[in-house]
Each structure stands twice: as structure tokens, then as C-alpha cells.
Amino acid sequence: MTLLEAWATDAEIRGMSPRTIRNYRYRIANFMRFLDGKDIFAVNKIDIRDFIEEARKKGHYTGSIAFSLASISNFYDWAIFEELTDKNPVKEVRSRYLHSYKKDNEKRDRQLISIKQAANMIDYMVDIRDKAMMTVLFKTGVRRNELLSMEVDDINWNDWSITLKQTAKRSNRVVFFDQEAATILSRWLAVREERNRNGIKALWISTIGRPATEKTVIYMISKAGIALGVHNPKSSKLEEHFSAHCCRHWFTTHLRRSGMPREFIQELRGDVRKEAIDIYDHIDREELRRSYLSHIPKLGIA
């Protein structure tokens with residue numbers, strides 16, 4: 001068994017999702033190729049700095065480099081646990097060379113579209129599944145992987161809520177949806193029942209009954225974004241791209257503009273609480289739900 005295989009086996013035991021394991025493994029393997037035969041346990045901070053320098057020369061964004069370093073650091077933490085090494089050379093270098101340093105063309109906000117443009121994106125889509133997926137992204141602010149991991153039984157129709165799978169990035173696992181989303185979700189579930197030939201639990205499935213994938217969401221959003229002029233896949237500017245994360249940005253910004261309390265928005269986003277006092281700041285679920293329903297933008301879709 002190779003080091004990468006051993007690491008991946010351990011990551012699976014620790015509960016890391018298959019998608020995360022795949023992404024981390026790709027980044028770790030890329031780092032190994034960069035070392036060009038050098039013993040990975042003989043790596044020092046200069047090697048890590050050189051890796052960052054080469055990535056920047058290739059035009060990689062700071063976020064991409066940071067994700068690579070997080071993957072490599074995870075590998076070294078595993079190696080320390082397995083007593084294959086006694087050091088993680090990534091940590092001190094990462095804080096020095098990536099913290100707050102971004103190229104000028106990275107210092108941009110993600111694209112924010114209007115409520116009308118969001119409605120147009122949903123209206124553009126033909127398949128009711130795509131309409132429902134897009135509506136849920138806008139109405140809940142969930143991340144792409146959180147959307148794809150949803151199952152039918154996660155939906156609570158009594159209070160119009162969805163319980164998400166636990167992830168390292170999310171604290172609160174409950175998100176709400178409104179009447180518009182409920183209507184489209186109901187229509188999708190009727191169609192889904194006909195497509196679900198294999199009896200799978202996933203909420204989002206294809207026409208042949210297979211679970212939707214990351215590529216499904218990327219293609220769906222890109223196609224609509226290009227058609228409506230809000231997504232330019234050839235541009236290097238972040239603000240000219242539209243992705244699933246832009247839906248999360250849309251959700252957050254429009255709730256804030258509608259006057260929703262900041263702590264309620266943070267709870268719905270599932271942000272990890274950073275202040276000690278936040279841990280004791282209990283938010284009543286019913287109060288949160290009522291606030292959500294009164295502040296979430298209406299798209300005028302049916």
C-alpha cells in the first residue's frame with residue numbers, strides 16, 4: 001500500500017467524504033510530483049515556500065494554493081499520528097506566505113445578482129429538478145456539497161426545513177425554505193418518484209435515476225449563467241463568474257439588506273462560532289424560522 005493509499009484509508013475511517021478525499025488526494029499527489037523524487041518526510045519550509053512560488057508563477061489563485069497546503073498539511077498530520085515523521089513543515093510557512101496576501105486581481109467580491117436575475121435563472125431552466133435545485137441554493141444559502149448530500153427524508157414538511165449532513169464547516173445543520181421553494185420541491189418530488197427506478201435516497205437524481213454530481217450543478221449553473229449574461233467562463237475576473245457559491249453570497253447579502261439580524265444570518269449560514277460568548281447565545285428555532293420567512297426574498301416563480 002502506498003503512502004497516499006494509506007492516508008486515504010485513514011481519511012475514510014475518520015469520516016471524510018469521498019469528494020473531499022478525492023480532492024485532497026489530487027493536491028497531495030501534485031505536491032509529490034513537485035518534489036520530483038525527494039523524500040516527502042525530508043521536506044522543509046524552503047521546499048514548501050518554493051512550492052508556493054511555483055504555484056503563483058503558474059497563475060494559481062491564493063485560495064487554490066491555500067487549499068493545496070491544507071491538503072498537504074492534512075497528510076503530514078496523518079504521518080505524525082502514524083509516527084512516520086515528527087514535523088509538519090506546512091503550518092509556519094502557510095501563515096507567513098498566504099495570510100492576507102492576494103494578487104490585485106483576487107481582491108474582488110464575488111458577483112452579486114439582483115432578485116430579478118435570480119428569478120430569471122430559475123425560469124430559464126427547463127427540467128423541474130434543475131429549477132428545484134437552483135431554488136434551494138438561492139433560498140437556503142447551502143454549499144454545493146451540502147446540496148448534493150441531501151436526501152428525501154432530510155426534508156421536514158411540518159416546518160419547511162431541511163436537516164443537512166454534518167460537515168466540518170457547518171455548525172447549525174437546519175435550514176428553512178419558503179412557500180415558493182415548497183411548491184417547486186413538491187413538483188420535483190412527484191417527477192423524482194417516476195425517475196427513481198433504483199430506490200435511492202438522494203434528493204437530486206438524473207433522468208435515469210442516478211445521484212446528481214458536482215458536474216451536474218456546475219453545468220446547470222454555467223449554462224443558465226452564460227445564457228443570461230452573468231457568467232463568463234473565459235474571464236479571469238472573479239466578479240464575472242457565477243457559481244453555486246454566488247448563490248450563498250446572494251442569500252447572505254439579500255437577507256442582510258432586508259434587515260435580518262446578523263446573528264440569525266450567521267445561524268442560517270451555519271458559520272462556525274468564533275467568539276466564546278457565541279457558544280452560549282442560543283437562538284430559538286421557531287423565532288429563526290419566522291424571521292427567515294419574513295426576510296427571504298420572493299422570486300415570483302411558480
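**Cysteines**

I looked for disulfides first and counted 0. The model is predicted, and I read every entry here with that in mind. A disulfide needs two cysteine sulfurs within 2.5 Å. I checked Cys 246: its closest cysteine sulfur belongs to Cys 247 and lies 7.1 Å away, so the gap is too far for a bond. From the other side, Cys 247 is in no disulfide either, with the sulfur of Cys 246 as its nearest, at 7.1 Å. I then looked up burial. Cys 246 is buried at 2% relative accessibility. Cys 247 is buried too, at 0%.

**Nonpolar cores**

Which residues have the most contacts inside the largest nonpolar core? I found Met 134, Phe 138, Trp 204 and Phe 242, in a core of 57 residues. Helix H7, residues 128–140, gives the most to this core, with 7 residues. I followed Met 134 outward, leaving aside neighbours within four places in sequence. Met 134 touches Met 121, Ile 122, Met 125, Met 220, Ile 221, Phe 242 and Cys 247. So Cys 247, buried at 0%, turns up again here as a contact of Met 134. I also noted a second, separate core of 26 residues. Trp 7, Ala 11, Ala 29 and Phe 31 are among its members.

**Helix H9**

I checked the length of H9, residues 179–195. Its 17 residues should span 24 Å at 1.5 Å a residue, and its end C-alpha atoms are 24 Å apart, so the two agree. I listed its buried residues next. They are Glu 180, Ala 181, Ala 182, Ile 184, Leu 185, Trp 188, Leu 189, Arg 192 and Arg 195. H7 is included in what covers them.

**Helices H12 and H13**

How do H12 and H13 lie, and what is the angle at which they pack? I read about 100 degrees, with the axes 11 Å apart. Roughly perpendicular covers 65 to 115 degrees, so H12 and H13 are roughly perpendicular to each other. H12 runs over residues 262–269 and H13 over residues 285–295. On the H12 side, Phe 264, Glu 267 and Leu 268 make the contact. On the H13 side, I noted Glu 287, Leu 288, Ser 291 and Tyr 292.

**Positive phi**

Most residues other than glycine have a negative phi. I therefore wrote down two that go the other way. Asp 36 has a positive phi of about 55 degrees and is not a glycine. Asp 36 sits in the loop between helix H2 (18–35) and helix H3 (45–57). I found Asp 36 exposed, at 68% relative accessibility. Trp 160 also has a positive phi, of about 55 degrees. Trp 160 is in the loop between strand E1 (155–156) and strand E2 (161–163). Trp 160 is partly exposed, at 24%.

**Asp 178**

Is Asp 178 buried or exposed? I found Asp 178 buried, at 2% relative accessible area. Asp 178 lies in the loop between strand E3 (174–176) and H9. I looked up its contacts, again leaving aside neighbours within four places in sequence. Asp 178 touches Lys 139, Trp 160, Tyr 292, Leu 293, Ile 296, Pro 297 and Lys 298. Two of these names were already in my notes: Trp 160, with its positive phi, and Tyr 292, from the H13 side of the helix contact. Last, I checked Asp 178 against Glu 239. They are 61 residues apart along the chain, and their C-alpha atoms are separated by 28 Å.

Technical notes
Residues numbered from 1 in each chain as written. Predicted model: local features only at pLDDT ≥ 70, side-chain atom pairs only at ≥ 80, totals over all residues. Heavy atoms only, no water. Buried < 20%, exposed > 50% of the residue type's maximum accessible area, 1.4 Å probe, protein only. Core = buried A, V, L, I, M, F, W, Y, C linked by side-chain atoms within 4.5 Å. Helix = DSSP H or I, 4+ residues; strand = E, 2+ residues; numbered from the N terminus. Contact = heavy atoms within 4.5 Å. Expected span 1.5 Å × (residues − 1). Axes fitted to C-alpha atoms, helices over the stretch in contact; angles between N-to-C directions. Parallel < 35°, antiparallel > 145°, perpendicular 65-115°, else oblique.
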